[in-house]
Amino acid sequence: MTYRHLFSPLRVGPLVLANRVVFSAHLTNFAEDGLPSERHAAYYAARAAGGAGLVITEEHSTHPTDWPYEKLIHGFHPAVVPGYRRITEAVHAHGVPVLAQLNHNGGQASSMYSRRPVWAPSPVPDPLFREVPKAVDLAEIAEITAGYATVAGHCAEGGFDGVELQCSHSSVVRGFLSPATNQRTDVYGGTLANRARLLLEIIDAVREALGPQRALGVRLCGDELIDGGTTIEEAVEVARMVEATGKVDYINTSIGVATSTLYMIEASMAVQPGYALFISNAIRRAVRLPVIGVGRIKDPVQAERALAEGHCDLVGVVRGQIADPDFLAKARAGHTAQIRTCLSCNQECVGRMGLNHRLGCIENPGAGHESVVLPPPRLGTRRVLVVGGGPGGLQCAATAARRGHRVTLYERAPATGGQVASAAVVPGRAEFLDLVRNLLAECRRHGVEIRTGVEATRDLLLAQRPDTVVLATGARPQAPHWAGGLERVVDVRDVVEGRAAPSGDVLVVDELGFHQATSVAELLADRGCRVEICTPGMVVGQDLGITLDMETFCARADAKNIAFATDRVVLSAAAEQDGAQVSLEVLTHTTGQMSRVRADWVVCAVHQAPQDELWQALRDAPFEVHRVGDCLAPRRANAAVIEGHRVAAAL
């Protein structure tokens, strides 16, 4: 494809963008002691080198009362300026403009780090932070406005081409705009014009600090998706007010509130691509300013379509460029099929953020490590054999081949994929298979010899006389201690891989707290089973909350009549006299109450056992042997990918 719209230039105020793709603002947790780091500079530069038309950095706090998470850039402190210069110089080296996003999170914050009360328009506690904010007075409102101007001045001094005002999913400005959080009765509350007053005053102050030669953008929430909150109609009116100032160069868009409805801001693969484009479409029809559209746009074809259909003037692509910094360069060169498309699994990007770790990517082990230069191979070109075609083995093979080694990969199954291929057959998880597809394509591009349907035995490996063998042989299902060898107590893998076909009343036992139990429950419900999930945890599929899958799963489970039972520990299982049912002894550990549960089948989402027999057999081998992924310790796919890359990079 030529991508006629995608690669057309666009003037945005004083800037001319080479194309229509924006690397939009998002959290990274790269800040060090409140300051930008070398990691920031390398991270943004990599996306500029890969062809992004515009880079917008993560938020810069505008006031000491705003410190909602530990690794936040304190833009109000003059010490940020040298770090700003490192970022802007690194991005400008690739001919790409870069903006800084300015923000005060308002009541969507915590006093944990600042040790000061959080500020908001009204004392309405946020449902995530659960802290009653201080309603700001007129003097404090003026202080907020001045803070934005101060940080804008720091950004200009640091070489940024402009700034974007974050007034959308987590912002004191959003708090003022929203009737759900603004209960004021003075000139900053009540009518929409009053609720928008703070935004318009900030625009005036920031434009004065920036001068005419730098760009100014505003990011608005089109629909908060909460009771009594901002809707698209009000968002359009605010967009008109913003344009009427004559001081703003573009409007960016968003959907949801970063705490109450976060699952719609950074939607998982359960939500269709382009889901939020209706917001940019509505605003674009109301204003003449360029409008940025967002909403899980994961490849250039989707981006081109959004532009061609008139939904937006620019397209925000974040996770797609985290997964592949060369997203645009590959599309421009006609190599769209080589793009490492985002899975929207949210495990290493959104999920790590929520756990206070730096940003990563399940598909791109280099994400966040762009400032780290890998050393050359320590012993030159080597003959490397990789055993196992799951994500760990494929990543190891791809990295080793890219670094110049001669690599052969053995997979005993007819096709590569491992457990990822099995996981992708359940409802709503098909995109997870892109992990394997992308890695397999990368292996082939770099010359990896892939031999499927071949059992890599000790004798076969010894006969090949390799320099290094990397084992990625995975894990096997392991029956829980209470299963008693019953035929109708099976593993989730037995179901998704076709070895068992439960019917009737099915109890799914969730000891892992992730997609394994919830996905197989949906699969069985779709097949007509009556399904209940029980777990020793307080929440079924508790880790789905980290990847923003919880809300959509609960809605689907309710529609499919899947029942939940929490705080339950299975102690034993026995067959009923007729052999047609399984009887389970269950402890409710919060009360100590014992109960008896009967089901036609029991499906277990429990811990697996390493499949490490080949490792044991190669202990005395005359070559290096390494293990990665589940055969070392059964975990999730991101661990296998990281280890595969790490081992290959160290060869």
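This briefing walks through the strands, helices, cavities and a salt bridge of the structure above.

The model is a predicted one, so please read every value below as computed from it. Its strands include eight that close into a barrel with parallel pairing, and five others that form an open sheet, also with parallel pairing. A search of the whole structure turns up two cavities of 30 Å³ or more and 33 salt bridges.

**The barrel**

- Going round the barrel, the strand order is β3-β4-β5-β8-β9-β10-β11-β12. From one strand to the next, the twist averages 30°.
- For a look at one of the pairings, try β5 (residues 98–103) and β8 (residues 162–167): these strands run parallel and are joined by three bridges. Within this pairing, glutamine 101 has glutamate 164 of β8 as its bridge partner.
- Helix α1 (residues 38–49) lies across β3 (21–23) and β4 (54–61). The direction of α1 makes an angle of about 155° with β4.
- Helix α6 (residues 197–210) lies across β8 and β9 (215–221). Here the helix runs at about 160° to β9.

**The open sheet**

- The five strands of this sheet follow the order β15-β14-β13-β16-β27. At its edges are β15 (449–452) and β27 (624–627), each of which pairs on one side only.
- Neighbouring strands in the sheet are turned by 15° against each other on average, direction ignored.
- Four bridges connect β14 (residues 406–411) with β15 in the parallel sense. Along this pairing you will find tyrosine 410 opposite arginine 451 of β15.
- Helix α13 (residues 391–402) packs on the sheet and touches β13 (383–387), β14 and β16 (468–471). Its direction makes about 165° with that of β14.

**An antiparallel hairpin**

- Strands β23 (residues 582–588) and β24 (residues 593–599) run antiparallel, with seven bridges joining them. One of the residues to pick out is leucine 587, whose bridge partner in β24 is methionine 594.
- The hairpin has four residues between its strands. In this hairpin, glycine 592 takes a positive phi near 80°.
- As background, strands of a sheet pair through backbone hydrogen bonds, either parallel or antiparallel.

**The largest cavity**

- The largest cavity holds about 100 Å³ of space. It is lined by 14 residues, and the closest to its centre are Cys342, Cys345, Cys349, Cys361 and Ile362.
- Sorted by class, the lining of this cavity has eight nonpolar, three polar and three charged residues.

**The second largest cavity**

- About 80 Å³ of space lies in the second largest cavity.
- Among the residues that line it are the cysteines Cys167 and Cys221, together with Leu177, Leu192 and Leu220. The lining also includes Arg174, Thr230, Glu234, Ala235 and Val238.
- Helix α4 (172–177), strand β9 and helix α7 (232–244) each supply at least two residues of this lining. The largest share comes from α7, with three residues.
- Strand β9 thus appears twice in this briefing: helix α6 lies across it and β8, and β9 helps to line the second largest cavity.
- By class, the lining of the second largest cavity has seven nonpolar, one polar and two charged residues.

**A salt bridge between distant parts of the chain**

- One of the 33 salt bridges pairs glutamate 431 with arginine 296, and the closest N and O atoms are 2.8 Å apart.
- The two residues are 135 residues apart, and the pair links distant parts of the chain. Glutamate 431 sits in the loop between α14 (418–423) and α15 (434–445).
- Arginine 296 belongs to the loop between β11 (291–293) and α9 (300–308). Strand β11 is itself one of the barrel strands.

Conventions. Residues numbered from 1 in each chain as written. Predicted model: local features only at pLDDT ≥ 70, side-chain atom pairs only at ≥ 80, totals over all residues. Heavy atoms only, no water. Pairing = 2+ DSSP bridges. Axes fitted to C-alpha atoms, helices over the stretch in contact; angles between N-to-C directions. Contact = heavy atoms within 4.5 Å. 1 Å grid on protein atoms, 1.4 Å probe; cavity = no way out; pocket = protein on both sides within 12 Å on 5 of 7 lines; lining within 4 Å. Points joined across faces, edges and corners; volume = space filled by probe spheres on them. Nonpolar A, V, L, I, M, F, W, Y, C, P; charged D, E, K, R; others polar. Salt bridge = Lys/Arg side-chain N within 4 Å of Asp/Glu carboxyl O.
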